[in-house]
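Please walk me through this structure. I have it open in a viewer and want to know what to select next.

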Amino acid sequence: MKNTLKVTIPFSFKGIVHEPSITLDLDKFSQENSNFDAIHSLVSRENNIDSYSYEYEVLESSPLIFSEPTGIARDFLNDNVFDLAGFIEKQKTTEIDSLLQKIAADTIGDHALQDNPQLKEALWKAYQAGQAVNHAG
């Protein structure tokens with residue numbers, strides 16, 4: 001399932017209430033962003049708000065409203081606060097788990113990791129050691 005999140009930035013400009021929004025593809029967004037600093041620009045582009053206008057300045061100073069999460073993003077929205085760092089960490093863990101499952105299935109059998117939790121732990125440690133070596137040199 002795709003991981004998405006609706007971001008709305010409600011604001012009032014010249015007596016008119018605006019509620020521009022965007023539905024983020026979190027899988028793509030989180031590959032390029034570790035925070036929501038770029039969200040105002042994305043919402044303004046998607047809603048045809050000129051980034052050199054007073055309207056944009058009001059948009060920039062308005063709060064972000066998060067809603068309608070899908071996929072694992074549902075686990076990271078609580079009281080209008082979206083834990084992007086937690087989502088990114090969970091996403092990486094899920095991707096690594098899938099990779100380890102594929103390796104185990106290709107070499108040992110489809111249920112190798114479910115049947116042997118020690119094997120999964122060993123593969124995780126091997127992955128982490130590989131990451132450490134990669135970053136050290």
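The stops below go from one strand to its partners and then to the cores.

This is a predicted model.

**Stop 1: strand E1.** Select residues 4-8, which form strand E1. Is E1 mostly covered or mostly uncovered? It is mostly covered, with four of its five residues buried.

**Stop 2: the partners of E1.** Add residues 21-25, strand E4. E1 and E4 pair in the antiparallel sense, over five bridges. To find one point of this pairing, pick Thr-4: it stands opposite Asp-25 in E4. Now add residues 65-67, strand E5. E5 also pairs with E1 in the antiparallel sense, here over three bridges. Look for Lys-6, whose bridge partner in E5 is Ser-67.

**Stop 3: the largest nonpolar core.** This core has 23 residues. Select Leu-24, Leu-26, Phe-36, Ile-39, Phe-82, Leu-84 and Phe-87, the members that touch the most others. Which elements give two or more residues to this core? They are E1, E2 (11-13), E4, H1 (26-32), H2 (39-46), H3 (54-60) and H4 (84-107). Helix H4 gives the most, with three residues.

**Stop 4: a second core.** Apart from the largest core lies another, of six residues. Select Ile-96, Leu-100, Ala-112 and Leu-113, which are among them.

**Stop 5: back to Phe-82.** Centre the view on Phe-82 and leave aside its neighbours within four places in sequence. Phe-82 is then in contact with Leu-5, Leu-26, Phe-36, Phe-66, Ala-73, Phe-76, Leu-77 and Phe-87.

Notes:
Residues numbered from 1 in each chain as written. Predicted model: local features only at pLDDT ≥ 70, side-chain atom pairs only at ≥ 80, totals over all residues. Heavy atoms only, no water. Buried < 20%, exposed > 50% of the residue type's maximum accessible area, 1.4 Å probe, protein only. Pairing = 2+ DSSP bridges. Core = buried A, V, L, I, M, F, W, Y, C linked by side-chain atoms within 4.5 Å. Contact = heavy atoms within 4.5 Å.
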